[in-house]
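Me: I am new to this structure. Please take a close look at one part and then show me how the rest is laid out.

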Amino acid sequence: MSVEQRGSPPKRWRTPSPQWLLVLPALALLTVILLVPLGRSVATSVGSPDFTLEHYKTLFTDGVTLTVLLRTAGTAAAVTVIALLFGYPYAYVMTRVGPRLRGVLMVVVLVPFWTSVMARNFAWIIILQRNGPVDSFFKLFGLDVVLYQTVGGVTIAMSQVLLPFMVLPLYTALAGIDRKLLLAARGLGSHPVKAFWKIYWPLSRGGVVSGLILVFTLSLGFYVTPALVGAPQQSLVAQLLGQRTTQLLDFEGASALGLVVLIVSLVLVAWANRVGGTISAIGAVASTAPEKGRS
């Protein structure tokens, strides 16, 4: 018997840990409610039993779907930018105030989660319709502005509904930034704006990317707000999907359209995870550098 054979232990089959059994119910539920319908959608979109990509080709050649896709992407981008412009200062203020006021600000952020979706949207209908508060305000300046059943009104309403999804990841990222780094930069003579741009902003980009992707992907599939506040002539992807499945009975085209939106969302999430991981690594190095210097 050789030395290697005498020294190597006998190979044994590893039995799976009993802890993995706890994952089985979640995997079973995920398979039933997500993977099985997704597989059926894929089969329907490519034709069954004959394979074809005609339904995907039609999405970009029928003259309607591409327009709706571009309108949805533009609306989602506008909602994301508005949520960032309002959410970043709000999250920053939450990191600077005391615990009591921070709790009040957190409650304000969470109020949309505790309010009925229908109540919020009907409130926006009252606010944006003719002779509503917005129209009455602009009439003081001689302007006739009615945002109800317009893309602008849908954008405003969606921004308010999705703002918490921007604030929460931003607050998590900003709360973890060591403000001593800014004080050190100020002590070395750096301008506050430059210190923010060179130090604070790079450390917060992980939360920014997470909020951007979260709000954008949710905006792509938003249905209730565009359906109630918007106009049928300016529908978004979710409304077009509903129309194709309930009125036109075009299940093949609806499946293809839904998969295109899903692929776009997955690509954005994958990119965000990659960028967010890199940014998180940079932030970890920057935050631990002062500790190493003191040791």
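Why does Asn-131 count as exposed? Please start there and work outwards.

Reply: Asn-131 counts as exposed because its relative accessibility is 57%. The cut-offs are these: buried is under 20% relative accessible area, exposed is over 50%, and partly exposed is in between, with a 1.4 Å probe and protein chains only. This is a predicted model, where local features need pLDDT of at least 70 and side-chain atom pairs count only at pLDDT 80 or more, while totals for chains, interfaces and linings use all residues. Residues are numbered from 1 along each chain as its sequence is written, and side-chain values use heavy atoms, with hydrogens and water left out.

Asn-131 sits in the loop between α6 (117-128) and α7 (133-139). Helices here are DSSP runs of H or I with at least four residues, strands are runs of E with at least two, and numbering starts at the N terminus. The phi of Asn-131 is positive, near 65°, and the residue is not a glycine. Most residues other than glycine have a negative phi.

The loop also holds a charged partner. Arg-130 makes a salt bridge with Asp-144, with 3.1 Å between the closest N and O atoms. Arg-130 belongs to the loop between α6 and α7, and Asp-144 to the loop between α7 and α8, so the pair ties together parts 14 residues apart in sequence. A salt bridge means a side-chain nitrogen of Lys or Arg within 4 Å of a carboxyl oxygen of Asp or Glu. Arg-130 is partly exposed, at 45%. Asp-144 is exposed, at 55%.

The count by this rule is two salt bridges. Asp-135 and Lys-139 form one of them, at 3.5 Å from N to O. Both residues lie in helix α7, four residues apart, about one turn of the helix. An α-helix has 3.6 residues a turn, so residues three or four places apart point the same way. Asp-135 is buried, at 0% relative accessibility. Lys-139 is partly exposed, at 42%.

Past α7, Gln-149 lies in the loop that leads to α8 (151-175). Its phi is positive too, near 60°. Gln-149 is partly exposed, at 39% relative accessibility.

Now the wider chain. It has 13 helices and zero strands. Of its 295 residues, 32% count as buried. Contacts between residues 24 or more positions apart make up 71% of those with a separation of 6 or more. Contact means heavy atoms within 4.5 Å.

Tyr-88 gives an example. It lies in helix α4 (residues 65-96). Tyr-88 is buried, at 9% relative accessibility. Outside its neighbours within four places, its contacts include Leu-170, Phe-196, Trp-201 and Ser-204. Tyr-88 and Ser-204 are 116 residues apart in sequence, yet their C-alpha atoms are 9.7 Å apart.

Go back towards the N terminus for a helix with a bend. α2 has 22 residues and spans 30 Å from first C-alpha to last, close to the expected 32 Å. That expected span is 1.5 Å times one less than the number of residues. α2 has a kink of about 45° centred on Thr-31. The bend is the angle between axes fitted to the seven residues ending at a residue and the seven starting there. Gly-47 follows α2, with a positive phi near 90°.

Just ahead of α2, Leu-22 is in the loop between α1 (3-7) and α2 (24-45). Leu-22 is exposed, at 70% relative accessibility.
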